[in-house]
Amino acid sequence: MEKIESSANRYGLIGKDIAYSFSKGYFSEKFSKLELGDYSYENFDLQTIEEFDALLHNNPNLKGLNVTIPYKEKVQTYLSAIDDVAAQIGAVNTIKFTKKGLVGYNTDIYGFQKSIEPFLEKQHQKALILGTGGASKAIAFVLESLQIPYVFVSRKPQEKQLHYEDLTKDILKEHQVIVNCTPLGTHPNIDEKPKIPYQHINSQHMLFDLIYNPEKTTFLKEGELQGATICNGLRMLELQAEKAWEIWNNE
């Protein structure tokens, strides 16, 4: 701990219940490979977003932060500025420390687009986005830019959204891309999965799960059993992490 606290260049992740986090291991390994001995990356597990001010006060050497569930939307009120795209999405997952204050960005967009594009085929014309949290907004932004119409699916649907109970055979046939933006299936609760009618999935579908731990969630396993193309969120995370690193180091 003393070594971490004395690091001149400290980075980290804010979220809730994030001991499982990908980011700490990824950046710690990156700093080691680059021989950046005075760099460190830590998890900052906040029980509420109100703890954010104290985090900043108690950690003066912070140079950049990543943001995960459930603070991608709530953290925006603590920032001095927000990148235009992140503002349009309404969610921030990367914070850069500047002389003028904290600036928010969204690198989920880059990570998701670059990781899903290789899997998209001509039949993938419409999409279902499972969940309506901060990550889902970046997914919607990318799908829109790829000209793939989408519908949100939620346990508490708002206007123009669907409930899980609304998902019929015809709806699944019409929407060939299904993206899970919920935490259902994340380790250690690996048996959980979104409540969709998996029996109506087939080889024309592409299932993308933002979860990376476990490598193959129950959601993806069910889709694979039906012949669907599947992809987890690991590559997306690697790509968004590299984009965050680029933002932190871009003068």
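Leaving aside its neighbours within four places in sequence, which residues is Ser 136 in contact with? The close-ups below, taken from a predicted model, begin with that residue and then move to its surroundings.

**View 1. Ser 136 and its contacts in helix 6.** Once neighbours within four places in sequence are set aside, Ser 136 touches Ile 129, Gly 131, Phe 152 and Cys 181. The serine belongs to helix 6, and its relative accessible area of 1% is under 20%, so Ser 136 counts as buried. For a sense of scale, you can also find Thr 186, which is 50 residues away from Ser 136 in sequence and 16 Å away in space, C-alpha to C-alpha.

**View 2. Strand 7 and its two partner strands.** Let your eye follow residues 127-130: Ala 127 and Ile 129 point one way, Leu 128 and Leu 130 point the other way, and all are buried. Strand 8 (residues 150-154) runs parallel to strand 7 and is joined to it by four bridges, with Leu 130 opposite Val 153. Strand 10 (residues 177-180) also runs parallel to strand 7, again through four bridges; here Ile 129 stands opposite Val 179.

**View 3. A right-handed β-α-β unit.** Strand 7, helix 6 (residues 134-145) and strand 8 make up this unit. Ser 136 can be picked out again here, in helix 6.

**View 4. The buried residues of helix 5 and what covers them.** Helix 5 spans residues 108-116, and its buried residues are Asp 108, Ile 109, Gly 111, Phe 112, Ser 115 and Ile 116. Their cover includes helix 4 (84-89), helix 6, strand 10, strand 11 (206-209), strand 12 (229-231) and helix 9 (234-249).

**View 5. An edge-to-face pair, Phe 112 and Phe 208.** A search of the whole structure turns up 19 aromatic pairs. One of them is the edge-to-face pair of Phe 112 and Phe 208, with 5.0 Å from centre to centre and 80 degrees between the planes. Because Phe 112 lies in helix 5 and Phe 208 in strand 11, the pair ties together parts that are 96 residues apart in sequence. Both Phe 112 and Phe 208 are buried.

**View 6. An aromatic cluster, and a lysine over a ring.** One aromatic cluster is formed by Tyr 11, Phe 22, Tyr 26, Phe 27, Phe 31, Tyr 39, Tyr 41, Tyr 212, Trp 245 and Trp 248. In a separate inset, look for Lys 243: its charged end sits over the ring of Tyr 110, 4.4 Å from the ring centre.

Key
Residues numbered from 1 in each chain as written. Predicted model: local features only at pLDDT ≥ 70, side-chain atom pairs only at ≥ 80, totals over all residues. Heavy atoms only, no water. Buried < 20%, exposed > 50% of the residue type's maximum accessible area, 1.4 Å probe, protein only. Pairing = 2+ DSSP bridges. Right-handed = clockwise from strand over helix to strand, strands pointing away. Contact = heavy atoms within 4.5 Å. Phe/Tyr/Trp six-rings, centres within 6.5 Å; stacked < 30°, edge-to-face > 60°. Lys NZ or Arg CZ within 6 Å of the ring centre and 35° of its normal.
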